[in-house]
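User: Please take one part of this model and look at it closely. I'd like to know how its side chains pair up or fail to, and how well covered they are.

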Amino acid sequence: MPRNKIILRPRVFATALLVLPQTDPGETTVSAEDHQNVRHRVFCDLRMPGGRRCLLRADHDGPCARRPRR
């Protein structure tokens, strides 16, 4: 399965949870069932001005943003 399809569901769940102030989608990771110790970030880990995290893919090109690109 392509990587984009694998991270789609965790991205949707993490983004939906942004209504809760204590959530941090930047910490969302995925891993294969048989390789639980190998984790892949779903979102970029960089903090933006104001302390919030970038909501783009972990391997995005260009500047960070709070809104996913369409």
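Analyst:
**The salt bridge and the cysteines beside it**

D59 is partly exposed, with 45% relative accessible area (buried is under 20%, exposed over 50%, partly exposed in between; 1.4 Å probe, protein chains only). Before going on: this is a predicted model, where local features need pLDDT of at least 70 and side-chain atom pairs 80 or more, while totals for chains, interfaces and linings use all residues. Numbering runs from 1 along each chain as its sequence is written, and side-chain values use heavy atoms, leaving out hydrogens and water.

So who does D59 pair with? Its partner is R57, and the closest N and O atoms of the two sit 3.2 Å apart. That makes a salt bridge (Lys or Arg side-chain nitrogen within 4 Å of an Asp or Glu carboxyl oxygen), and the structure holds just this one. R57 is partly exposed too, at 38%, so neither partner counts as buried.

Now follow R57 to C44, which touches it (contact: heavy atoms within 4.5 Å). C44 lies in the segment after β2 (a strand is a DSSP run of E, at least two residues, numbered from the N terminus). Unlike the salt-bridge pair, C44 is buried, at 6%. Leaving aside residues up to four places away in sequence, C44 also touches G26, L56, A58 and H60, as well as two cysteines, C54 and C64. The G26 contact reaches back along the chain: G26 and C44 are 18 residues apart in sequence, yet their C-alpha atoms are 6.5 Å apart.

With cysteines in contact, what is the disulfide count? Zero, going by sulfur pairs within 2.5 Å. For C54, the nearest cysteine sulfur belongs to C64, 3.7 Å off. Seen from the C64 side, C54 likewise has the closest cysteine sulfur, and 3.7 Å is too far for a bond, which is why that pair isn't counted. Their cover differs as well: C54 is buried at 1%, whereas C64 is partly exposed at 27%.

One more stop is R53, also in the segment after β2 (40-41). This arginine is buried, at 8% relative accessibility, in contrast to partly exposed R57. Again skipping residues up to four places away in sequence, R53 touches the acidic residues D24, E27 and D45, along with G26, L46, R47, M48 and R66. G26 thus turns up in the contacts of both R53 and C44.

Methods
Helices (H or I, at least four residues) and strands (E, at least two) are DSSP runs, numbered from the N terminus.
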